[in-house]
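Work through the exercises below with the sequence and the structure at hand. Try each task before reading its solution.

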Amino acid sequence: MLFCPTCANILVISAESGHNKWACQTCPYEFPITKQMTSRTHLTRKVVEDVMDADNETGASAQVMCPKCEHPKAFYTQAQIRSADEPMTTFYR
């Protein structure tokens, strides 16, 4: 992505006159493309915390049957991951 040095809007590729160029859509700035332009940005992944710690069994619990192991007790945590007008999401372990 390139940005206009005059008004800071994003530049788009235009080929109006038969030649490729970067052009600003809000001001008359144009930059001719004379060679191949490439760039790569390698992103680093964030370290994500577990929603529930596997060793912590001191949280809230409920009498819910596990469909996998059929254990009668489950520990849970709740998080608001959607908009405020929707209910909280419950994560069971």
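**Exercise 1.** In which strand is Thr89 found? Describe its surroundings as well.

Solution. The model is a predicted one.
- Step 1: Thr89 belongs to strand β6, which covers residues 89-92.
- Step 2: The relative accessible area of Thr89 is 17%. Buried means under 20%, so Thr89 is buried.
- Step 3: Once neighbours within four places in sequence are left aside, Thr89 is in contact with Thr77, Gln78, Ala79, Ile81 and Arg82.

**Exercise 2.** Which residues does UniProt list for "binding site"? Find out how they are arranged.

Solution.
- Step 1: The unreviewed UniProt entry lists Cys4, Cys7, Cys24 and Cys27 under "binding site".
- Step 2: These residues span 24 residues in sequence, but no two of their C-alpha atoms are more than 8.7 Å apart, so they gather at one spot.
- Step 3: Cys4 is placed in the segment before β1, and Cys7 also lies in the segment before β1.
- Step 4: Contacts can be read off next, with neighbours within four places in sequence left aside. For Cys4 they are Asn9, Leu11, Cys24, Cys27 and Tyr29. For Cys7 they are Cys24, Thr26 and Cys27.
- Step 5: Now take accessibility. Cys4 is buried at 4% relative accessible area, Cys24 is buried at 9%, and Cys27 is buried at 18%. Cys7, with 30%, is partly exposed.

**Exercise 3.** How many disulfides does the count come to? Explain the result for Cys24 and Cys27.

Solution.
- Step 1: The rule asks for a pair of cysteine sulfur atoms within 2.5 Å. By this rule the count is zero disulfides.
- Step 2: Cys24 is in no disulfide, and its nearest cysteine sulfur, that of Cys7, is 3.4 Å away.
- Step 3: For Cys27 the closest cysteine sulfur is in Cys4, at 3.5 Å, so the two are too far apart for a bond.

**Exercise 4.** How many salt bridges does the structure hold? Name the partners and describe their exposure.

Solution.
- Step 1: Side chains of opposite charge can pair when their charged atoms come close. The cut-off used for the nitrogen and oxygen atoms is 4 Å.
- Step 2: The structure holds two salt bridges.
- Step 3: One joins Lys21 and Glu30, where the closest N and O atoms are 3.1 Å apart. Lys21 counts as buried at 11% relative accessibility, whereas Glu30, at 45%, counts as partly exposed.
- Step 4: Glu86 and Arg82 also form a salt bridge, and here the closest N and O atoms are 3.8 Å apart. Glu86 has a relative accessible area of 37% and is partly exposed.
- Step 5: Arg82 links back to the start of these exercises, being among the contacts of Thr89.

**Exercise 5.** Which residues make the nonpolar surface patch of about 370 Å²? Check that Ile10 qualifies on accessibility.

Solution.
- Step 1: Met1, Phe3 and Ile10 make this patch.
- Step 2: Ile10 is located in the segment before β1, the strand of residues 11-14.
- Step 3: A patch residue needs over 30% relative accessible area. Ile10 has 38%, so Ile10 passes this cut-off and counts as partly exposed.

Methods:
Residues numbered from 1 in each chain as written. Predicted model: local features only at pLDDT ≥ 70, side-chain atom pairs only at ≥ 80, totals over all residues. Heavy atoms only, no water. Patch = residues over 30% accessible without salt bridge, like charges linked within 9 Å, V, L, I, M, F, W, Y side chains within 5 Å. Areas by Shrake-Rupley, 256 points an atom, 1.4 Å probe, with all protein chains shown as cover. Salt bridge = Lys/Arg side-chain N within 4 Å of Asp/Glu carboxyl O. Helix = DSSP H or I, 4+ residues; strand = E, 2+ residues; numbered from the N terminus. Buried < 20%, exposed > 50% of the residue type's maximum accessible area, 1.4 Å probe, protein only. UniProt positions renumbered as here; feature names shortened; annotations may be inferred. Contact = heavy atoms within 4.5 Å.
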